[in-house]
Amino acid sequence: MNSTEESSKEPDTLNKSHHDVLETIKDGWMLRDCETYKKEMKNCYALKSRFYQFYVDGKAADCDTWEKSFDDCKKWSRYADVEAANRIIAQEKERIKKRLDGHFNNKVWDKRTSPPEDWNAPLPDWFLERQKNSKLGVYMENTENMIGEDKPKQDENWLLEQVEGARTSVTNSFPSCSIL
């Protein structure tokens, strides 16, 4: 698959019902698959989500919007109801607007208009020294030494040994469970 095919590939969550009619609706690309609305609705009503909603907002969230979106999506999928599709699109726009409200109304941080002047400055010496001793730094050093040599098997084995050693050290660093 080349890059033009990848960029033109539709997302999995895109609603595939009545594609020809959907293309004529303004912002029709925002209409997601009905299964997505169903999952959002079930997640909203889930006990774990309710605890989260009470913790964050102090009250249970109104899940009716997800339920209405799911019902409208079923109407769209079954009968190509353009009004139902437009209601879903309006709800999606409202959801996105609410989601980005904190970003646009943020008075704490100044938004950049350009990158900082020293964005590509060299890294500090202490960071470069730390980077040399990392697993990736050792791997890169070994890879650079092997350029021009025919030793890909040794390189793969070395990497596997490093990964296995890291896994073993992580496994052994945690206390064992006495229940098992």
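Partly exposed means a relative accessible area between the limits for buried, under 20%, and exposed, over 50%. The legends below use these words for a predicted model.

**View 1. Alanine 80 in the loop between helix 5 and helix 6.** With a relative accessible area of 24%, alanine 80 falls between the two limits and is therefore partly exposed. Its phi is positive, about 55 degrees, although alanine 80 is not a glycine. Most residues other than glycine have a negative phi.

**View 2. Aspartate 27 in the loop between helix 2 (19-22) and helix 3.** Aspartate 27 is a residue other than glycine with a positive phi, near 60 degrees. Aspartate 27 also forms a salt bridge with lysine 26, and the closest N and O atoms of this pair are 3.6 Å apart. Lysine 26 has a relative accessibility of 65%, over the 50% limit, so lysine 26 counts as exposed. Salt bridges that share partners join Lys26, Asp27 and Lys93 into one network.

**View 3. The largest nonpolar core.** This core has 16 residues. Ile25, Leu31, Tyr37 and Trp76 are those with the most contacts inside the core. Helix 3 (34-45), helix 5 (64-79) and helix 6 (82-104) are the elements that give two or more residues to this core. In soluble globular proteins, nonpolar side chains tend to be buried together.

**View 4. The surroundings of tryptophan 76.** Neighbours within four places in sequence are left aside here. Among the residues in contact with tryptophan 76 are Asn15, Ser17, His18, Val21 and Leu22. Ile25 and Leu31 are also in contact with tryptophan 76, and both are listed with Trp76 among the residues with the most contacts inside the largest nonpolar core. Other contacts of tryptophan 76 include Asp81, Val82, Ala84 and Ala85.

**View 5. A salt bridge between helix 5 and helix 6.** The side chains of aspartate 72 and arginine 87 meet at 2.9 Å, N to O. The pair links distant parts of the chain, with aspartate 72 in helix 5 and arginine 87 in helix 6, 15 residues apart. Aspartate 72 is buried, because its relative accessible area of 9% is under 20%. Arginine 87, at 41% relative accessibility, counts as partly exposed.

**View 6. A salt bridge within helix 5.** Lysine 74 and aspartate 71 are three residues apart, about one turn of the helix. Their closest N and O atoms are 3.7 Å apart. Lysine 74 is partly exposed, with a relative accessible area of 28%. Aspartate 71 is partly exposed too, with a relative accessible area of 34%. A search of the whole structure finds six salt bridges.

**View 7. Glutamine 53 in helix 4 (residues 47-57).** Glutamine 53 counts as buried because its relative accessibility of 9% is under 20%. The side chain of glutamine 53 reaches the backbone nitrogen of alanine 61 at 3.0 Å. With neighbours within four places in sequence left aside, glutamine 53 is in contact with Cys44, Gly58, Lys59, Ala60 and Ala61.

**View 8. Confidence along the chain.** The mean pLDDT of the chain is 81, and 78% of its residues reach 70 or more. Among the elements of the chain, helix 3 has the highest mean pLDDT, 94. Helix 1 (residues 3-8) has the lowest, 52.

Terms used: Residues are numbered from 1 along each chain as its sequence is written. This is a predicted model: local features need pLDDT of at least 70, side-chain atom pairs count only at pLDDT 80 or more; totals for chains, interfaces and linings use all residues. Side-chain values use heavy atoms; hydrogens and water are left out. A nonpolar core is a set of buried Ala, Val, Leu, Ile, Met, Phe, Trp, Tyr and Cys residues joined through side-chain atoms within 4.5 Å. Buried means under 20% relative accessible area, exposed over 50%, partly exposed in between (1.4 Å probe, protein chains only). Helices (H or I, at least four residues) and strands (E, at least two) are DSSP runs, numbered from the N terminus. Contact means heavy atoms within 4.5 Å. pLDDT is the predictor's confidence in each residue, from 0 to 100. A salt bridge is a side-chain nitrogen of Lys or Arg within 4 Å of a carboxyl oxygen of Asp or Glu. A polar contact is a pair of N or O atoms within 3.5 Å; within protein, one must be able to donate a hydrogen and the other to accept it, and residues adjacent in sequence count only if both atoms are side-chain atoms.
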